Amino acid sequence: MATEDQLNNPPQPPPPAPSLPHYPEMIMTAIEALNDINGVSKTAITKQIESIYGDLPPAFTTLLAHHLDVMKQTGKLLFVKNNYMKPDPNAPPKRGRGRPPKPKVPLPPGTVVPPPRPRGRPPKPKDPFAPISQPKKKTSTGSGRPRGRPPKSPKPAPTSAPPVAGPPRGRGRPPKVKPAVAPIGC
């Protein structure tokens, strides 16, 4: 049974976790604080964040790994030899695969852009002066047979013959029958 103290004073919820900045901000401040030319490893980033912010949530390492991957994919961080570093702002942007598109020539103002051409071969132009022709009927080639290979005719059903009585055949090829040789000099 519950005592009066427990009924009057319900258990207090755990104190809220201290508000941490967003993970990308923490990662960038850790990389800037370490300031290594060759980049910073994931463990060094973790230790730096732990030293700055102290108590961290239990899923911190998983969230840190996720955010590092996201920042690597978006180009906010470079990943070279298992080290993370900030990209050089003066470096040219990374080019994608394949041939780059042709530069577009700017059109003069007031020009109407025509719709793009449809794909495929354009249809033949119809002559407006040509007489209207009736659709052609199929003409036979003269032999009276249709074109192409004739269809395969079904085999006639074999007549049911009574099975031959005797010993069953053995497996494999039967032995060669030798002709009977007549004795010489009889």
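Which residues in H2 meet which residues in H4? Select both helices in this predicted model and look at where they touch.

**Stop 1: H2 against H4**

From H2, pick Tyr23, Pro24, Ile27 and Met28. From H4, pick Phe60, Leu63, Leu64, His67, Leu68 and Met71. These two groups meet. By class, the contact holds 9 nonpolar residues, 1 polar residue and no charged ones.

Now show H4 in full, residues 60-74. The axes of H2 and H4 are 10 Å apart, and the packing angle is about 80 degrees. Angles of 65 to 115 degrees count as roughly perpendicular, so H2 is roughly perpendicular to H4.

**Stop 2: H2 against H3**

Keep H2 on screen and add helix H3, residues 42-53. Here the axes come within 9 Å and cross at roughly 100 degrees. That crossing makes H2 roughly perpendicular to H3.

Color the contact next. On the H2 side, select Met26, Ile27, Thr29, Ala30, Ile31, Ala33 and Leu34. On the H3 side, select Ala44, Ile45, Gln48, Ile49 and Tyr53. The contact divides into 10 nonpolar and 2 polar residues, with no charged residue.

Pause on Ile27 of H2. Ile27 is listed in the contact with H3 and also meets H4.

**Stop 3: the Lys86–Glu32 salt bridge**

How many salt bridges does a search of the whole structure find? The search finds 2. Go to the one between Lys86 and Glu32. Draw a distance between their closest N and O atoms: the value is 2.8 Å. Glu32 belongs to helix H2, while Lys86 lies in the segment after S2, so the pair ties together parts that are 54 residues apart in sequence.

**Stop 4: the second largest pocket**

Stay with Glu32 and Lys86. Both help line the second largest pocket. Complete the lining by adding Ile31, Asn35, Asp36, Ile37, Gly39, Val40, Tyr84 and Met85. Helix H2 (23-34) and strand S2 (83-85) are the elements that each give two or more residues to this lining. The pocket has a volume of about 150 Å³. Its lining has 5 nonpolar, 2 polar and 3 charged residues.

Ile31 is worth a second look. Besides lining this pocket, Ile31 takes part in the contact of H2 with H3.

**Stop 5: the largest pocket**

Finish at the largest pocket, with a volume of about 200 Å³. Select Gly75, Leu78, Pro87, Asp88, Ala91, Pro92, Pro93 and Lys94 to see the lining. By class, these residues divide into 5 nonpolar, 1 polar and 2 charged.

Notes
Residues numbered from 1 in each chain as written. Predicted model: local features only at pLDDT ≥ 70, side-chain atom pairs only at ≥ 80, totals over all residues. Heavy atoms only, no water. 1 Å grid on protein atoms, 1.4 Å probe; cavity = no way out; pocket = protein on both sides within 12 Å on 5 of 7 lines; lining within 4 Å. Points joined across faces, edges and corners; volume = space filled by probe spheres on them. Nonpolar A, V, L, I, M, F, W, Y, C, P; charged D, E, K, R; others polar. Helix = DSSP H or I, 4+ residues; strand = E, 2+ residues; numbered from the N terminus. Axes fitted to C-alpha atoms, helices over the stretch in contact; angles between N-to-C directions. Parallel < 35°, antiparallel > 145°, perpendicular 65-115°, else oblique. Contact = heavy atoms within 4.5 Å. Salt bridge = Lys/Arg side-chain N within 4 Å of Asp/Glu carboxyl O.
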